[in-house]
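Morning, everyone. I have one structure to walk you through today, so please look at the screen and follow along.

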Amino acid sequence: MSDQPRRGTRIAHIGIAARALDELMPLYRDVLGLSEVPLDDADGARIAGLAAGESLVELLEPADPHSPIGKFLEKRGPGIHHVCFYVDDLVETLERCRAAGVTLIDQQPRVGAEGKRIAFLHPKSTGGVLIELSEY
Ligand code: ZN
C-alpha cells in the first residue's frame with residue numbers, strides 16, 4: 001500500500017437494460033436533460049451513454065438475444081442491470097475480493113465500453129447486485 005491518499009470509490013456508471021435504446025433516450029436525454037456520451041458497444045450490447053454529473057447512465061440494448069443483456073431481459077425484463085464503481089487499483093481490488101471469498105465473473109481485468117479495464121463480481125456473493133469494477 002502506498003502512502004498516497006486514496007481517491008476513494010465512486011459510482012462510474014449504472015447499467016440499465018433496455019429493450020430498445022430509442023424507447024428510453026427521449027426520457028433521459030430530452031426530459032431529464034442528460035447529455036449523450038459516445039460509447040463503444042460491448043458484450044453483445046449496443047450502449048448509449050448519458051452523463052449524470054461525474055457518473056454515467058448506460059442504456060444497454062441487446063445486439064444479440066443470446067448476449068448477457070439479451071438473457072437478462074428475457075429473464076428479468078427491463079431495469080437496472082449493474083452498478084459500476086471506480087477503484088484505484090483493479091488488480092489489487094480483485095485480489096481483495098478473492099481473499100474475501102467474493103465470486104469473480106472476470107478473473108482478470110478486461111477492456112470495457114469506455115476503453116477502461118473492468119471486471120465483474122458475481123451477484124450471488126454481493127447481495128444480488130451485479131457489480132462492475134473499473135479503473136479510472
Ligand atoms: Zn458497465
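Start with Ser67. A polar atom of its side chain lies 2.6 Å from the backbone oxygen of Asp64. Keep in mind that this is a predicted model. Where does Ser67 sit? Its place is the loop between β4, residues 55-62, and α2, residues 68-76. Is Ser67 buried or exposed? Its relative accessibility is 5%, and buried means under 20%, so Ser67 counts as buried. Leave out residues up to four places away in sequence, and Ser67 touches Asp43, Gly44 and Pro62.

Take Asp43 from that list. Asp43 is found in the loop between β2, residues 35-37, and β3. Its phi is near 55°, which is a positive value in a residue other than glycine. Asp43 has 39% relative accessibility, so Asp43 counts as partly exposed.

Next, the nonpolar core. Which residues make up the largest one? There are 11 in all: Ala17, Leu39, Ala42, Ala45, Ile47, Leu56, Leu60, Ile69, Phe72, Leu73 and Ala113. β3, residues 45-52, supplies at least two of them, and β4 and α2 each do too. α2 gives the most to this core, with 3 residues. Look at Ala113 for a moment. Not counting residues up to four places away in sequence, Ala113 touches Leu39, Asp40, Ala42 and Ile47.

Now the metal. Which protein donors does the zinc ion have? They are His13 through NE2, His82 through NE2, and Glu132 through OE. These donors lie 1.9 to 2.1 Å from the zinc ion. Along the chain, the donors follow the spacing H-x68-H-x49-E. The two histidines link distant parts of the chain. His13 is in strand β1, residues 11-17, and His82 is in strand β5, residues 79-87. That puts the pair 69 residues apart. Both His13 and His82 are buried.

On to empty space. How do we look for it? Rolling a probe the size of a water molecule over the atoms shows where empty space is left.

Pockets come before cavities here. The largest pocket has a volume of about 590 Å³. It is lined by 28 residues, and the closest to its centre are Pro68, Ile69, His81, His82 and Leu130. You have met two of these names already. Ile69 belongs to the largest nonpolar core, and His82 is a donor of the zinc ion. Which elements give two or more residues to the lining? They are β3, β4, α2, β5, β6 at 110-111, and β7 at 117-121. α2 provides the largest share of this lining, 6 residues.

What about cavities? The count comes to 1 cavity of 30 Å³ or more. The largest cavity has a volume of about 50 Å³. Its lining is His13, Glu58, Gly112, Ala113, Glu114, Lys116, Ile118, Glu132 and Ser134. Two zinc donors are in that list, His13 and Glu132. Ala113 of the largest core is there as well.

Now two residues from one loop. Asp106 is found in the loop between α3 and β6. So is Gln108, with α3 covering residues 90-99. Which one is buried, and which one is exposed? Asp106 has 12% relative accessibility, so Asp106 counts as buried. Gln108 has a relative accessible area of 54%, so Gln108 is exposed.

What does Asp106 pair with? Its side chain and that of Arg110 are joined by a polar contact of 2.9 Å. A polar atom of the Asp106 side chain also lies 2.9 Å from the backbone nitrogen of Phe120. Leaving aside neighbours within four places in sequence, Asp106 is in contact with Leu94, Ala119 and Phe120.

And Gln108? With residues up to four places away left out, Gln108 touches Leu94, Arg98 and Ile118. Gln108 and Leu56 are 52 residues apart in sequence. In space, C-alpha to C-alpha, Gln108 and Leu56 are 24 Å apart.

One last residue, Gly127. Its place is the loop between β7 and β8, residues 131-135. Gly127 has a relative accessible area of 76%, and exposed means over 50%, so Gly127 is exposed. How far apart in space are Gly127 and Gly49? C-alpha to C-alpha, they are 26 Å apart, with their positions 78 residues apart in sequence counted as separation.

That's my tour. Thanks for listening.

How values were computed
Residues are numbered from 1 along each chain as its sequence is written. This is a predicted model: local features need pLDDT of at least 70, side-chain atom pairs count only at pLDDT 80 or more; totals for chains, interfaces and linings use all residues. Side-chain values use heavy atoms; hydrogens and water are left out. Helices (H or I, at least four residues) and strands (E, at least two) are DSSP runs, numbered from the N terminus. Buried means under 20% relative accessible area, exposed over 50%, partly exposed in between (1.4 Å probe, protein chains only). A polar contact is a pair of N or O atoms within 3.5 Å; within protein, one must be able to donate a hydrogen and the other to accept it, and residues adjacent in sequence count only if both atoms are side-chain atoms. Contact means heavy atoms within 4.5 Å. A nonpolar core is a set of buried Ala, Val, Leu, Ile, Met, Phe, Trp, Tyr and Cys residues joined through side-chain atoms within 4.5 Å. Donors are N, O and S atoms within 2.8 Å of the metal (3.2 Å for Na, K and Ca); water is not among the atoms, so sites may look incomplete. On a 1 Å grid over the protein atoms alone, a cavity is a set of points where a 1.4 Å probe fits but cannot get out, and a pocket is an open set with protein on both sides within 12 Å along at least five of seven lines; lining residues have an atom within 4 Å of a point. Grid points are joined across faces, edges and corners, and a volume is the space filled by probe spheres set on the points.
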